[in-house]
Amino acid sequence: MTMMRTTIPTTTQWTMMTNKPDGKPGRAVLVLVAAGSSSRMGGKKKEYLPMNGGTVLASAARIFLQTLPFSVVAVAYPATQTPGKSEENGRACREALFSDQAVASFHTSAQTEFLFVEGGATRQQSVLNALEAVAEQCGGENPLVFIHDGARPFVSAQIIRDCHTAAAQYGAAAPAMQPTDTQKETDAQGFVTRHLTRARLAAVQTPQAFRFQPLLSAHRAAAQQHIDCTDDTEIWDRFAADGKTYRPTKIVAGSHENKKITYPSDIPAPPASVDAPCIRTGLGYDKHVLVTGRTLMLGGVAIPSDKGEAGHSDGDVLLHAITDALLGAAALGDIGSYFPPDDAQWKDADSKQLLATVWNDITAAGWSLGNIDCVIALEQPKFLPHRTAVCASIAAVLGVPTEQVFVKAKTGEKTGDVGTGKVIEATATCLLFRR
């Protein structure tokens with residue numbers, strides 16, 4: 001069994017999964033089963049298909065993490081006999097899970113430990129592998145463990161809470177729906193052998209919640225006796241429910257929406273009313289002569305240098321290129337039409353204010369920024385020590401996260417006007433979008 005893990009939990013994380021004195025639940029464990037072959041999905045791994053800005057697997061995990069506190073999430077990924085393939089499968093599973101920013105935030109903040117465990121030949125073996133991996137972390141503690149299909153992304157917070165409440169009281173719980181059709185038991189030849197009472201039947205779903213230690217012991221017993229069960233509630237009822245310490249599985253209300261994705265048609269299509277965004281790119285370029293007695297301004301930051309840009313305004317070649325790129329993408333003109341160089345009011349103007357004026361008009365037209373990428377051509381001084389401050393300054397003017405702005409620099413290799421320190425050039429590209 002191969003296992004990948006992230007972060008190490010402290011002993012205080014392993015709070016017993018009972019109702020605390022303050023009425024709030026303690027921490028629990030989540031096992032997501034995503035080790036199947038997805039044979040009915042046309043060769044596509046159904047848990048990794050896109051959904052809600054992430055994947056099916058990430059959607060299934062997110063609702064749990066946002067409903068209850070979980071110390072550990074163990075994900076079973078497909079097993080393989082091909083050398084080196086297991087690590088590849090584990091990485092694919094990890095990428096699918098953390099494709100959702102909300103799920104990834106639990107990892108980056110170390111609120112939850114994530115284990116990626118190689119599954120087995122059957123679902124039952126995959127669950128046991130995951131439970132064994134979790135057992136190494138929780139020692140003798142006995143939290144509640146939720147077993148959930150990674151391809152069942154439509155579970156509700158209410159079902160999760162109901163399973164928690166019932167399992168905390170009885171030891172085991174699962175959601176189920178009463179069948180809508182009359183059920184019959186048949187023999188191998190297709191003849192009815194028993195007429196079942198529909199009112200007493202339950203079509204069981206996941207999550208299924210149990211006390212951890214007795215479920216682990218039950219799984220081990222089933223494996224030792226080579227007994228195959230249809231789901232974890234059968235394992236629990238056969239090996240853990242003794243009628244004294246633990247009772248048989250308690251059924252809570254399931255939901256028709258809590259279906260398991262099996263076929264491509266089970267994945268909902270995007271709402272028809274949602275229009276694709278309009279995307280525009282822009283290109284800006286500017287060039288200024290370098291002279292003594294002027295401050296070298298780049299992105300609104302004064303850079304120590306013996307030369308600065310000559311210009312009607314403060315000469316910030318980088319902000320001028322960005323301004324032109326943004327105006328071009330929005331089809332609103334160019335920097336010269338906005339701020340004519342022969343107009344005295346723009347003499348020595350702060351280029352950050354010029355960019356802010358333009359950006360107000362662009363956002364008022366409904367545009368948002370995807371990103372800006374810039375290149376400065378400058379021989380001296382070195383730009384790298386100032387890059388962080390310059391990117392932050394540009395982002396502040398536009399009111400966007402710093403990661404949406406990037407600036408890099410090239411030299412002229414001592415050749416041409418750039419290489420001999422006569423001029424500075426800047427090129428900027430941008431992406432704008434609106435719905």
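How many bridges join β8 to strand β12, and in which sense do the two run? There are 2 bridges, and the strands run antiparallel. This is a predicted model, and strand β8 is a good place to enter it.

β8 covers residues 172–177, and 6 of its 6 residues are buried. Its side chains split into two groups. A172, A174 and A176 point one way. A173, P175 and M177 point the other way. Both groups are buried, which means that each of these residues has under 20% relative accessible area.

Now follow the pairing of β8. Strands of a sheet pair through backbone hydrogen bonds, either parallel or antiparallel. On β12, which spans residues 208–211, A209 stands opposite A173. Strand β11, residues 203–204, is also joined to β8 by 2 bridges and runs antiparallel to it. There, A203 faces M177. Strand β13, residues 250–253, pairs with β8 in the parallel sense, over 4 bridges. A176 of β8 stands opposite A253 of β13.

Between β11 and β12 lies a loop that holds P207. The peptide bond joining T206 and P207 is cis, with omega of about 15°. A second cis bond joins Q380 and P381, with omega of about 0°. P381 also sits in a loop, between β18 (368–377) and α11 (387–398). Most residues other than glycine have a negative phi, and most peptide bonds are trans.

Two residues depart from the phi pattern. E413 has a positive phi of about 55°, although it is not a glycine. K414 has a positive phi of about 65°, and it is not a glycine either. E413 lies in the loop between β19 and α12 (416–419). K414 is found in the loop between β19 and α12. Are they buried or exposed? E413 counts as exposed, at 62% relative accessibility. K414 counts as exposed too, at 59%.

Strand β19 leads to another sheet. This one is open, has 5 strands in the order β17-β14-β20-β18-β19, and shows mixed pairing. β17 (308–309) and β19 (405–410) stand at its edges. Each has a single partner strand, so one side of each lacks a neighbour in the sheet. At the β17 edge, 2 bridges join it to strand β14 (residues 278–291), and the two run antiparallel. G308 in β17 is the bridge partner of V291.

Turn next to a helix. Q124 lies in α4, residues 123–138. Q124 is buried, with a relative accessible area of 13%. What does Q124 touch, leaving out residues up to four places away in sequence? Its contacts are H219, A222, I227, D228, C229 and I235. I235 is 111 residues from Q124 along the chain, yet their C-alpha atoms are separated by 9.3 Å.

Step back to the whole protein chain. It contains 12 helices and 20 strands. Of the contacts with a separation of 6 or more, 72% are between residues 24 or more positions apart. The radius of gyration is 31 Å, whereas a compact globule of 435 residues would have one near 22 Å. Along the principal axes, the C-alpha trace spans about 95 × 50 × 45 Å. Buried residues make up 48% of the 435. The accessible surface comes to about 21,100 Å², and 51% of it belongs to carbon and sulfur atoms. There are 41 positive and 43 negative charges, and their mean positions are 7 Å apart.

Technical notes. Residues numbered from 1 in each chain as written. Predicted model: local features only at pLDDT ≥ 70, side-chain atom pairs only at ≥ 80, totals over all residues. Heavy atoms only, no water. Buried < 20%, exposed > 50% of the residue type's maximum accessible area, 1.4 Å probe, protein only. Pairing = 2+ DSSP bridges. Rg over C-alpha atoms; globule rule 2.2 N^0.38 Å. Contact = heavy atoms within 4.5 Å. Areas by Shrake-Rupley, 256 points an atom, 1.4 Å probe, with all protein chains shown as cover. Lys, Arg positive; Asp, Glu negative; His and termini not counted. Charge placed at Lys NZ, Arg CZ, Asp CG, Glu CD.
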